[in-house]
Amino acid sequence: MAQDLHPDAETLIQGVRLTVKRTTVLDPAGQPHTREIAEVADAVVILPLLDNGDVVLIQNRRFAVNQTLWELPAGTIEAGEVPADCAGRELEEETGYKPATITPLTSFFPTPGFCTEKLHAFLATGLTPTQQSLDPTEAITPHPTPLEQTMNMIRNGEIEDAKSIAAILFYTSFYST
């Protein structure tokens, strides 16, 4: 779990992957308001780029929304783990590709209105096929997809995952040629 950003807040739920707390915040006029905060460990999202320029998208069964989503590989940073190391580990586990190079792209807060999670986006290149190593609850299928097609999938609403949209658009806006 990430550092405790709200040590004086009341813990409502202590789960395996998140802590929900209640705290009081003051508005600009000094009036108090109750807010809940989800404390979640930071995570990574990886844009895996094959030598031919294809992006390795995944279809990932997401139980919270009861859908299988098109996404980029991603995962939670373990305690004491460096984000770039997490990116390499998660990429190989979820897609069966090992990267030669992991390049930082950007970092962002996906839902800062109520959640502490910060996502670190990486570009992975020099990919060598290995083998997936999924957790028991994961149902993930990798799909090499032309970059232009991923852009069309975003435009058409086929990719609905915010972290994937952010990483792909950031890469195409600032890194791709």
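How many of the six residues of strand β4 (residues 43-48) are buried? Six of the six are, so β4 is largely enclosed by the rest of the structure. The model is a predicted one. The points below cover β4 and its partner strands, an aromatic cluster that involves helix α3, and helix α1.

**Strand β4**

- In a regular strand the side chains alternate between the two faces of the sheet.
- On one side of β4, A43, V45 and L47 are buried.
- On the other side of β4, V44, I46 and P48 are buried as well, so that both faces of the strand are covered.
- β4 is joined to strand β10 (residues 119-125) by six bridges, and these two strands run parallel.
- Within β10, A121 is the bridge partner of V45.
- β4 is also joined to strand β7 (residues 74-76), here by three bridges and in an antiparallel arrangement.
- Within β7, T76 is the bridge partner of A43.

**Aromatic residues at helix α3**

- There are three aromatic pairs in the structure.
- One of them is formed by F170 and F174, with 4.9 Å centre to centre and 55 degrees between the planes, a tilted arrangement.
- Helix α3 (residues 162-174) contains both F170 and F174, which are four residues apart, about one turn of the helix.
- An α-helix has 3.6 residues a turn, so residues three or four places apart point the same way.
- F170 also pairs with Y175; this pair is tilted too, at 6.1 Å centre to centre and 40 degrees between the planes.
- F170 has a relative accessible area of 23% and is therefore partly exposed, as the cut-off for buried is under 20%.
- F174 has a relative accessibility of 60%, which is over 50%, so F174 counts as exposed.
- Y175, at 37% relative accessibility, counts as partly exposed.
- A single aromatic cluster is formed by F170, Y171, F174 and Y175.

**Helix α1**

- Helix α1 (residues 83-95) has 13 residues.
- From its first C-alpha to its last, α1 reaches 18 Å, close to the 18 Å expected at 1.5 Å a residue.
- The buried residues of α1 are C86, A87, G88, E90, L91, E94 and T95.
- G96 follows α1 and has a positive phi, near 80 degrees.

Definitions and conventions
Residues are numbered from 1 along each chain as its sequence is written. This is a predicted model: local features need pLDDT of at least 70, side-chain atom pairs count only at pLDDT 80 or more; totals for chains, interfaces and linings use all residues. Side-chain values use heavy atoms; hydrogens and water are left out. Buried means under 20% relative accessible area, exposed over 50%, partly exposed in between (1.4 Å probe, protein chains only). Two strands pair if DSSP finds at least two bridges between them. Rings of Phe, Tyr and Trp (its six-membered ring) pair if their centres lie within 6.5 Å; planes under 30 degrees apart count as stacked, over 60 as edge-to-face and the rest as tilted. The expected span of a helix is 1.5 Å times one less than its number of residues.
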